[in-house]
Amino acid sequence: MLTLEKFEEAAEAVKKVTLETKLVYSEYFSEQTGNKVYFKPENMQYTGAYKVRGAYYKISTLTEEERAKGLITASAGNHAQGVAYAAKKYGVKAVVVMPTTTPLMKVNRTKSYGAEVVLYGDVYDEACEYAYKLAEENGYTFIHPFNDLTVATGQGTISMEIVKELPTVDYILCPIGGGGLCTGVSTLAKLLNPNIKVIGVEPAGANCMQESLKEGHVVTLPKVNTIADGTAVKTPGDLLFPYIQENVDDIITVDDSELIVAFLDLVENHKMVAENSGLLTVAALKHLNVKNKKIVSIISGGNMDVITMSSIVQHGLIQRDRIFTVSVLLPDKPGELVNVATVIANLQGNVIKLEHNQFVSINRNDAVELRITMEAFGTKHKNEIVKALEEGGYRPKLVKQKGTYME
């Protein structure tokens, strides 16, 4: 059972390994939503995520004998670092099985805490199955990343801190992967104040908890597909499910495209980096149909590698029409390039890439294709530039863009 006494015990224990993550008021998101929005920045923890809470509390409750056997877990990254760091604090061996798709930064960070890392499987579920096998073969003590009530109790200490700092909180938005964080947060929130609404947030491509709640029992998704790797779970925790049923008021799902623009918003308005799973509760804010409420979004982690970060930024700029590409056909004669550049410059468009192809036609009146990639302030500005090119007789065609500047 998850009891108030256990949560209080866990809250004292995790102080040894956590940094104080004070609520951050967001003027930008408050204005956007008509609510008072605060962030609980667990991305600022020493290990970059909340997971150290549950890992450390779980390990603290083990016997000396259980710890001496060595610890093993499976994780897409954040729980891995939590277990590795907690094991280091206790001076015991830790083995971590991670999916082969885990970003290199998370692998290296886990190793840096002294853990042995084994890469196996494409998704968390496959890595977990292999970790169980290694635990049986070697006698390790298994620390489940979410389907463990003691781990969930450690994660729930976040609610204790939120309510102490903001006693009048109306809504807590909580990411869901397997359900450990949301189980702890929602259960303790309801124990402290039954009027607090707790909303779980899942990636649309990995909504295992939402589907399980619909069916009334734990279900396994046939596949998961999301950029939010930390919450890419096929099967939620069966030990946790009854607590989610009882204490979570609703589930919101978020598309990957929404996470991309949420990253931009968070970086530009708060100078804060969150990983894709940590962005779930930021993206979910616009889905809440409420006004004048005090809302806390838990930013669960910030362990994003720079390659992913650069890709997310570029995708976000494209989605927001702050980078776009047009194709125009020009007569093959001197001065035409200058004329096009002048039209763009007059509207403060900033050219960042040009492709000049003289071999698209043998008709010298339309012999040159010019592809122009440029920066704009947003959709309105982009449309103004395109309209100016049309009025100049250039017949611009927008070029479909993906992760690179042009397809």
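Start by selecting β4, residues 94-98, in this predicted model. Both faces of this strand are covered. On one side you will find Ala-94, Val-96 and Met-98, and on the other Val-95 and Val-97, all of them buried. Colour the strand by accessibility and the result is plain: five of its five residues are buried. As you step along it, keep in mind that side chains in a regular strand alternate between the two faces of the sheet.

Next, add β3, residues 71-74. Strands β3 and β4 run parallel and are joined by four bridges. To see one of the pairings, pick Leu-71, whose bridge partner in β4 is Ala-94.

**Stepping off the end of β4**

Now select Lys-93, which lies in the loop between α5 (78-90) and β4. Which side chain does Lys-93 meet in a salt bridge? Show Glu-116 and you have the partner, with an N to O distance of 4.0 Å. Glu-116 belongs to strand β5, residues 116-119, so this pair ties together parts that are 23 residues apart in sequence. Both ends of the bridge are partly exposed: Lys-93 has a relative accessible area of 43%, and Glu-116 has 40%.

**A tour of the charged pairs**

That bridge belongs to a wider set, as the structure holds 17 salt bridges. In general, side chains of opposite charge can pair when their charged atoms come close. For a group rather than a pair, select Lys-40, Glu-42, Arg-53 and Glu-161 together; these four are linked in a network of salt bridges.

Then move to helix α11, residues 208-215. Here Lys-214 and Glu-211 meet in a salt bridge at 3.4 Å, N to O. The two are three residues apart in the helix, which means that about one helical turn separates them. Lys-214 is exposed, with a relative accessible area of 58%, while Glu-211 counts as partly exposed at 23%.

For the next stop, select Lys-382 and Asp-321, whose side chains form a salt bridge at 3.2 Å, N to O. Lys-382 sits in helix α17 (residues 379-391) and Asp-321 in the loop between α15 (306-319) and β11, so the contact ties together parts 61 residues apart in sequence. Are these two residues buried or exposed? Lys-382 counts as buried at 12% relative accessibility, and Asp-321 is buried too, with a relative accessible area of 14%. The cut-off for calling a residue buried is under 20%.

**Two backbone details**

Stay on Asp-321 for a moment and check its backbone. Its phi is near 60 degrees, a positive value in a residue other than glycine. For another example, jump to Arg-395, in the loop between α17 and β14. The phi of Arg-395 is near 45 degrees, again a positive value in a residue other than glycine. Arg-395 counts as exposed, at 52% relative accessibility, whereas Asp-321 counts as buried at 14%.

**The four-stranded sheet**

With β11 and β14 already in view, bring in β12 and β13. In what order do the four strands of this open sheet lie? Reading across, the order is β12-β13-β11-β14, and the pairing is antiparallel. The edge strands, β12 (350-357) and β14 (397-399), each pair on one side only. Look along the sheet and you will find neighbouring strands turned by 30 degrees against each other on average, direction ignored.

Now isolate β11 (residues 323-330) and β13 (residues 368-375), which pair in the antiparallel sense over eight bridges. One place to look is Leu-329, whose bridge partner in β13 is Glu-369. Then switch on helix α16, residues 336-346, which packs on the sheet and touches β11, β12 and β13. The direction of α16 makes about 25 degrees with that of β13.

**Last stop: a surface patch**

Finish by showing the surface and selecting Leu-337, Val-351 and Leu-354. Together they make a nonpolar surface patch of about 220 Å². Val-351 is found in strand β12, one of the edge strands you have just visited. Val-351 is partly exposed, with a relative accessible area of 35%.

Conventions. Residues are numbered from 1 along each chain as its sequence is written. This is a predicted model: local features need pLDDT of at least 70, side-chain atom pairs count only at pLDDT 80 or more; totals for chains, interfaces and linings use all residues. Side-chain values use heavy atoms; hydrogens and water are left out. Two strands pair if DSSP finds at least two bridges between them. Axes are lines fitted to C-alpha atoms, for helices over the stretch in contact, and angles run from 0 to 180 degrees between N-to-C directions. Contact means heavy atoms within 4.5 Å. Patches are made of residues with over 30% relative accessible area and no salt bridge: like charges are joined within 9 Å, nonpolar side chains (Val, Leu, Ile, Met, Phe, Trp, Tyr) within 5 Å. Accessible areas come from the Shrake-Rupley method with a 1.4 Å probe; for residues, only the protein chains shown count as cover. Buried means under 20% relative accessible area, exposed over 50%, partly exposed in between (1.4 Å probe, protein chains only).
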